[in-house]
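I opened this entry to record what I looked up, item by item, with the terms spelled out where they are used.

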Number of protein chains: 2
Amino acid sequence: MKAKNPRDLLCEAALRIAGRDGLLSMTLDNVAKEAQVSKGGLMYHFPTKDDLIRAMLEYFGDDAEQMLIRKMAEDPGARFRFARSFLSSVFGDGEEDRDAPDHLKREALESMMLAMIAAVANNPNVIEPLRGKVAKIRDRVLSDRRDGMEQLLIWLAVDGLMLWQFLGLIRRQDPLFADIGTALKKKTEPKKKTKPKRPSKGGVA
Amino acid sequence: MKAKNPRDLLCEAALRIAGRDGLLSMTLDNVAKEAQVSKGGLMYHFPTKDDLIRAMLEYFGDDAEQMLIRKMAEDPGARFRFARSFLSSVFGDGEEDRDAPDHLKREALESMMLAMIAAVANNPNVIEPLRGKVAKIRDRVLSDRRDGMEQLLIWLAVDGLMLWQFLGLIRRQDPLFADIGTALKKKTEPKKKTKPKRPSKGGVA
DNA sequence: GAGAAAAAACCGACCAGTTGGTATAGTAAA
DNA sequence: TTTACTATACCAACTGGTCGGTTTTTTCTC
């Protein structure tokens, strides 16, 4: 359903190793082994390690981007749309896809972050193309005079959370993880004093 | 002025390499060379690479911790003291040490972050001791019922910024870097308007 | 459709250089 | 004598990468 062609499989294997065994274990031999492919097979698809990493960046980057684009398209709100969509793609929607498996995978951003760290660790130059891309999104977010900076701060906080996760300072299943998501989401809600926590109260539905 | 004993010199050399040449270049040979020490000398102080990394974590961790403690002691305020001190140690105090060199080094947190990333990259287990330490600080911050979560979010945003810096998505000298600092600091100020432009809009919260 | 040819996909032994780490002989000072 | 190194040689394991060969799939021909 998600990935079948060997390139994607290789990218996923590489990321799995990086996350599980540490970035230094993300060697060509290990990646090939993890993907159950011979080293020659790997090298056929990616002549150099940089090529592998570039492919990872693209693969997981597109994943995260697609996710964000979809969320933004779904969002009917006007203000804080970026931040809300961003948060929704990381923490889920709280109700709807609480049990939905992961064709909408919440780890998309997490994966891309790890891919980027792995990339920089191997070769700082390889993310160059991504830099411009991120800068563009960032500028568009900031172009919103009202909430631009506030949304950027939310973005940064999430990225900080991703860093914590990478460092093992927090795990997705920790209650705090969800609490942080809730707190951030609250910032994207229309300015109200009342907390619309539980709508299941009145007869209105 | 700051460090004289060879262990500290070695730690600094290792970090310098990690930052300048990438994590993969942080090899024992390179570190020894950078510190102008023979490899034997390095191995005398740190029998294994993990020992080196543990020392780095301790060295830069203590650095950042000291910095934070001092800032907090200096801060007369009551609310948001942690976040304010934290921000001040990263972005400076805006006026005072704008030209002060760096015996108060603003890169302290940055350095520790890099050390932690390097540590995890080499061996995910090596940060274990730090985990507890961070958790303790985090819990103390969160124990503040009023502003705990808000301060944690500020912390996370700064860490996100550090990650961006590591990834080359932003540089310290970029105007945006300072802007983010300013925006975050504003959140730690005593209750005023979030937006100084619109004077009134009803209740505040 | 059968079968040959060609191209694409893949294997795994091999290579030169590097890695973390060891060993050892010597030196300078406290 | 102990501590704190320098300098160098060395090691097995591993690194990214090459290469000749094999299998599988597609394409072409009849």
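**DNA-facing helices**

I began with the elements, and found that α3 (39–45) of chain A and α3 (39–45) of chain B each supply at least two residues of the surface near DNA strand D; helices here are DSSP runs of H or I with at least four residues and strands are runs of E with at least two, numbered from the N terminus, and a residue is near a strand if one of its heavy atoms lies within 4 Å of it. I note that this is a predicted model, in which local features need pLDDT of at least 70, side-chain atom pairs count only at pLDDT 80 or more, and totals for chains, interfaces and linings use all residues. Residues are numbered from 1 along each chain as its sequence is written, chains are lettered from A and ligands numbered from 1 in the order in which they are written, and side-chain values use heavy atoms, with hydrogens and water left out.

**Strand D**

Which element gives the largest share of the surface near DNA strand D? I found that α3(B) does, with four residues. Of the 13 residues around strand D, those that come nearest are A:T27, A:L28, A:K39, A:K49 and B:Y44. I then listed polar contacts (pairs of N or O atoms within 3.5 Å) to phosphate oxygens of this strand: a backbone N or O atom of A:K49 lies at 2.7 Å, a side-chain N or O atom of B:Y44 at 2.8 Å, and a polar side-chain atom of B:S38 at 3.1 Å. Sugar or phosphate accounts for 62% of the strand D atoms within 4 Å of the protein, and bases for the rest.

**Strand C**

For DNA strand C I found 13 residues around it, of which A:S38, A:Y44, A:H45, B:K39 and B:K49 come nearest. Phosphate oxygens of strand C lie 2.3 Å from a polar side-chain atom of A:Y44, 2.5 Å from a polar backbone atom of B:K49, and 2.8 Å from a backbone N or O atom of A:S38. The elements that give two or more residues to this surface are α3 of chain A and α3 of chain B, and α3(A) gives the most, with four residues. Of the strand C atoms within 4 Å of the protein, 57% belong to sugar or phosphate and the rest to bases.

**Chain A against chain B**

I superposed chain B on chain A, by least squares on the C-alpha atoms of residues with pLDDT of at least 70 in both, and recorded a rotation of 179 degrees with 0.1 Å of shift along its axis and an RMSD of 0.2 Å. The two copies are therefore related as by a two-fold rotation axis.

In the interface, 41 residues of chain B are in contact (heavy atoms within 4.5 Å) with 42 residues of chain A. The buried area, meaning the accessible area (1.4 Å probe) that two parts lose on being put together, summed over both, is about 3,800 Å², with carbon and sulfur atoms giving 75%. On the chain B side, B:L156, B:W164 and B:L167 lose the most area to chain A, together 17% of what that side buries. Because 90% of the interface residues of chain B are also interface residues in chain A, the copies meet through the same surface.

**Confidence**

The mean pLDDT (the predictor's confidence in each residue, from 0 to 100) of chain A is 88, and 86% of its residues reach 70 or more. Over residues 200–205 of chain A the pLDDT is below 50, and this stretch has zero contacts in the model beyond near neighbours in sequence. Where pLDDT is low, the predicted coordinates should not be read in detail.

Note on methods: A polar contact is a pair of N or O atoms within 3.5 Å; within protein, one must be able to donate a hydrogen and the other to accept it, and residues adjacent in sequence count only if both atoms are side-chain atoms.
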